[in-house]
Amino acid sequence: MVIAVLKKGKEKKLLNGYPWVFEDEISEVQGELILGSPVNVFSNDWAFVGKGLYNPFSNRKIMFLTTEDVELDENFFRERLYKALEWRTRFFDKPYYRLFHGEADGIPGFIADRYGEVIVVQFRNSIVELLKKQLVNSIVELLLPAAVYERSDFEMGTGEVLQKKTGLLYGEIKTPIVEVEENGLKYIVNFTNGQKTGFFFDQRDSRKMARKIVKRFAFKRALDLFSFTGGFGINMAKAGAEVVCVDKSGEDLEVAELNAALNDVKERMSFVQMDVFKYLKSLEKKEQFDIVVLDPPSLIKRRKELRRGIELLKELVSLSVPVVKSHGVICLCSCAYNLGLEHLIEALRKVSLELDVQYKNIGITYQSLDHPWVLQIPESLYLKCVWTVVEKR
């Protein structure tokens with residue numbers, strides 16, 4: 001057992017629910033410092049704070065898991081998974097959602113998405129990699145899935161170097177293609193080769209918002225930029241709009257076209273394979289669309305890249321506003337934690353003078369409830385979308 005003593009005052013955030021102890025917050029460590037060692041954490045005056053697991057390969061030295069003096073055994077982690085499942089089944093009546101969302105569900109770095117009978121998992125740090133077998137066993141006990149498949153083929157942002165891994169961890173796979181249902185629409189997902197784990201469940205509420213706006217405003221033409229497999233575009237087409245989907249990935253657009261056919265909207269949709277910035281620059285600067293959805297991938301990974309991220313957002317807005325009709329709508333999204341809601345608003349506001357427009361906000365959407373936002377963990381809120389009416393003067 002490792003004993004860690006914190007510097008003065010550093011216990012407060014842990015008692016408030018924060019899941020990490022950083023290297024510069026520790027004043028003293030005693031014991032065998034190996035990966036996954038259980039740690040008893042004490043305040044500077046030796047009051048018991050809680051327990052966690054030690055990671056010598058990261059500046060996040062302790063994954064802090066509980067303020068209680070309990071065993072961090074398989075039962076402990078199974079209970080966390082069970083509580084996460086309870087949360088999802090409270091809000092979703094079909095088995096298509098993010099089943100476990102890292103820090104927000106109490107096991108930092110562990111991600112699991114549920115595609116019906118297939119569970120796709122990611123292990124995003126060395127500690128959860130060490131816990132892989134027991135986490136998979138617990139999922140199998142709780143859900144009896146047909147398969148558990150690993151997609152730990154991502155870019156790490158924590159300073160750790162992990163080997164990228166993909167493959168079957170349990171069961172058998174008859175096909176890498178599954179079909180999911182969301183808000184009455186269906187989507188094809190390739191969970192072995194698609195981005196992340198194959199589908200972005202986190203934009204569930206925003207996709208529904210796009211359909212609602214098109215229907216309420218009776219919009220006729222829509223532009224879905226960074227469209228991936230067509231989630232926003234299909235919702236807008238279902239509400240009656242003619243939609244252009246733009247993405248640089250031909251494979252994703254092929255799936256988008258299949259999704260359009262699956263939902264009987266293919267005749268109202270067209271697909272353009274091109275870099276979004278180049279596409280916007282190629283358009284005539286005339287009002288062509290009633291609504292433009294901008295849902296870029298994470299533009300920045302680190303806080304020090306913030307200025308560059310804001311400039312990219314501003315460029316997207318300045319290229320998009322001229323092709324939106326007056327009293328049309330722009331939706332601007334960011335999935336980068338370091339690009340906050342205030343930066344989206346700043347990007348919109350800063351180009352309003354040069355383009356002589358005024359914005360009226362009609363909504364803000366965040367990640368859906370299967371990606372919990374814990375107020376004591378700021379990093380758990382990462383996705384935000386601003387929906388605004390563009391009034392040209």
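1. Helix α5 (residues 204-217) and helix α6 (residues 231-238) pack at an angle of about 30 degrees, and their axes lie 8 Å apart; here helices (H or I, at least four residues) and strands (E, at least two) are DSSP runs, numbered from the N terminus. Axes are lines fitted to C-alpha atoms, for helices over the stretch in contact, and angles run from 0 to 180 degrees between N-to-C directions. α5 and α6 are therefore roughly parallel to each other, given that angles under 35 degrees count as roughly parallel, over 145 as roughly antiparallel, 65 to 115 as roughly perpendicular and the rest as oblique.

2. This is a predicted model, in which local features need pLDDT of at least 70 and side-chain atom pairs count only at pLDDT 80 or more, whereas totals for chains, interfaces and linings use all residues. Residues are numbered from 1 along each chain as its sequence is written, and side-chain values use heavy atoms, with hydrogens and water left out.

3. Which residues of α5 meet α6? Ser206, Arg207, Lys208, Ala210, Arg211 and Val214 in α5 meet Gly231, Phe232, Asn235 and Met236 in α6, where contact means heavy atoms within 4.5 Å. α5 passes α6 in a right-handed crossing; a crossing is left-handed if the near helix is turned anticlockwise from the far one by less than a right angle, and right-handed if clockwise.

4. A second helix pair is formed by α2 (residues 74-91) and α4 (residues 132-143), whose axes come within 10 Å and cross at roughly 50 degrees. That angle makes α2 oblique to α4, and α2 passes α4 in a right-handed crossing. Among the residues that make this contact are Phe77, Leu81 and Leu85 of α2, together with Leu135, Ile139 and Leu142 of α4.

5. An open sheet of 6 strands has the order β2-β6-β5-β4-β1-β3, with mixed pairing; two strands pair if DSSP finds at least two bridges between them. β2 (20-22) and β3 (26-30) stand at the edges, each with a single partner strand, so one side of each is left without a neighbour in the sheet. Neighbouring strands of this sheet are turned by 30 degrees against each other on average, direction ignored. Helix α2 packs on the sheet, touching β5 (48-54) and β6 (60-66), and its direction makes about 75 degrees with that of β6.

6. Within this sheet, β1 (residues 2-6) is joined to β4 (residues 38-42) by 4 bridges in the parallel sense, and Ile3 stands opposite Asn40 in β4. β1 is also joined to β3 by 4 bridges, but these two run antiparallel, and the bridge partner of Ala4 in β3 is Val29. Because 4 of the 5 residues of β1 are buried, this strand is largely enclosed by the rest of the structure; buried means under 20% relative accessible area, exposed over 50%, and partly exposed in between (1.4 Å probe, protein chains only).

7. Is strand β17 (residues 289-294) largely enclosed or open, and why? 6 of the 6 residues of β17 are buried, so this strand is largely enclosed by the rest of the structure. β17 pairs in the parallel sense with β14 (residues 221-225) over 4 bridges, with Leu225 opposite Leu294 in β17. To β18 (residues 324-334), β17 is joined by 5 bridges, and these two also run parallel.
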